[in-house]
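Grab a pencil and work through these exercises with the structure open beside you. Try each task on your own before you read its solution.

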Amino acid sequence: MSRIRIAWKGGEVTANLRETPTVKQLLATLPCVASAQTWGEEVYFHVPLTAALETDAEQVVEPGTVCFWVQGRALALPFGPTPVSQGNECRLVARCNVLGTIEGDSRQLGTVKQGKAVRVELVSR
């Protein structure tokens, strides 16, 4: 299992990744830096990869799920409701590839500011 660090000014989270074709592609692009976007209680940002929608892609996920939004070519990190959620669920804008989960409290993502730099890097084993 691979681990990544997602860091921004004032915070960071670590995520455990599954073994999927999209994860393999993502790891090949690291490290990378992108400009954060927020959408309700979700942080997302562009990453330099293109991937196909995987058969187990989901639209409603648990808080702290690391997802790849295929159409937006972005990592999506929901930690609470989004504008399309029904109730308190984490509903993404579309079905996304599920890459892994954030360790600990994903609500730390609430400190990510729109437009600020986010760095994603592989954590040494």
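## Exercise 1: A chain of charges

Glu 12 and Arg 5 form a salt bridge, with 3.4 Å between the closest N and O atoms. Keep in mind that this model is predicted.

**Task.** Start from this pair and work out which residues are linked with Glu 12 and Arg 5 in a network of salt bridges.

**Solution.**

Step 1. Recall the basic idea: side chains of opposite charge can pair when their charged atoms come close.

Step 2. Look for another partner of Arg 5. Its side chain also meets that of Glu 121 in a salt bridge, at 2.7 Å from N to O. Glu 121 sits in strand β10 and Arg 5 in strand β1 (residues 2-8), so this pair ties together parts that are 116 residues apart in sequence.

Step 3. Move on to Glu 121. Glu 121 forms a salt bridge with Arg 119 too, and there the closest N and O atoms are 2.8 Å apart.

Step 4. Put the links together: the network holds Arg 5, Glu 12, Arg 119 and Glu 121. In the whole structure there are seven salt bridges.

**Task.** Are Glu 12, Arg 5 and Arg 119 buried, partly exposed or exposed?

**Solution.**

Step 1. Set the cut-offs: buried is under 20% relative accessible area, exposed is over 50%, and partly exposed is in between.

Step 2. Compare the values. Glu 12 has 40% relative accessibility, so it counts as partly exposed. Arg 5, with 23%, is partly exposed, and Arg 119, with 36%, is partly exposed as well.

## Exercise 2: Strands side by side

**Task.** How do β1 and β10 run, and how many bridges join them? Then do likewise for strand β3 and β10.

**Solution.**

Step 1. Take β1 and β10. They run antiparallel and are joined by five bridges. To see one spot along this pairing, find Trp 8, which stands opposite Val 118 in β10.

Step 2. Now take strand β3 (residues 32-35). Four bridges join it to β10, and these two strands run antiparallel. Here you can find Cys 32 opposite Val 120 in β10.

## Exercise 3: Cysteines without a bond

**Task.** How many disulfides does the structure hold, and why is there no bond between Cys 96 and Cys 67?

**Solution.**

Step 1. Remember what you're looking for: a disulfide is a covalent bond between the sulfur atoms of two cysteines.

Step 2. Count them: the structure holds zero disulfides. Cys 32 is in none, and the nearest cysteine sulfur, in Cys 67, is 16 Å away.

Step 3. Check Cys 96. The closest cysteine sulfur is that of Cys 67, but at 5.6 Å it is too far for a bond.

Step 4. Add the surroundings. Cys 32 is buried at 9% relative accessible area, and Cys 96 is buried at 1%.

## Exercise 4: Around Asn 97

**Task.** Is Asn 97 buried or exposed, and what does its side chain reach?

**Solution.**

Step 1. Locate Asn 97: it lies in strand β9 (residues 90-102).

Step 2. Read off the accessibility. Asn 97 has a relative accessible area of 0%, so it is buried.

Step 3. Follow the side chain. It reaches the backbone oxygen of Ala 52 at 3.0 Å.

Step 4. Look at the neighbours. Leaving out residues up to four places away in sequence, Asn 97 touches residues including Thr 22, Leu 53, Ala 57 and Phe 68.

Step 5. Turn to Ala 57, in the loop between β5 (42-46) and β6 (58-61). Ala 57 is buried at 6% relative accessibility. Beyond four places in sequence, Ala 57 touches Arg 95, Cys 96 and Asn 97.

## Exercise 5: The nonpolar cores

**Task.** Which residues have the most contacts inside the largest nonpolar core?

**Solution.**

Step 1. Find the core: the largest one has 29 residues, and Phe 45, Leu 75 and Leu 109 have the most contacts inside it.

Step 2. Zoom in on Leu 109. Its contacts beyond four places in sequence are Trp 8, Val 13, Val 43, Leu 77, Phe 79 and Ile 102.

Step 3. Look for a core apart from this one. It has seven residues, among them Cys 67, Ala 76, Leu 92 and Val 98.

How values were computed. Residues numbered from 1 in each chain as written. Predicted model: local features only at pLDDT ≥ 70, side-chain atom pairs only at ≥ 80, totals over all residues. Heavy atoms only, no water. Buried < 20%, exposed > 50% of the residue type's maximum accessible area, 1.4 Å probe, protein only. Contact = heavy atoms within 4.5 Å. Polar contact = N/O pair within 3.5 Å; in protein donor to acceptor, adjacent residues only side chain to side chain. Core = buried A, V, L, I, M, F, W, Y, C linked by side-chain atoms within 4.5 Å. Salt bridge = Lys/Arg side-chain N within 4 Å of Asp/Glu carboxyl O. Disulfide = S-S within 2.5 Å. Pairing = 2+ DSSP bridges.
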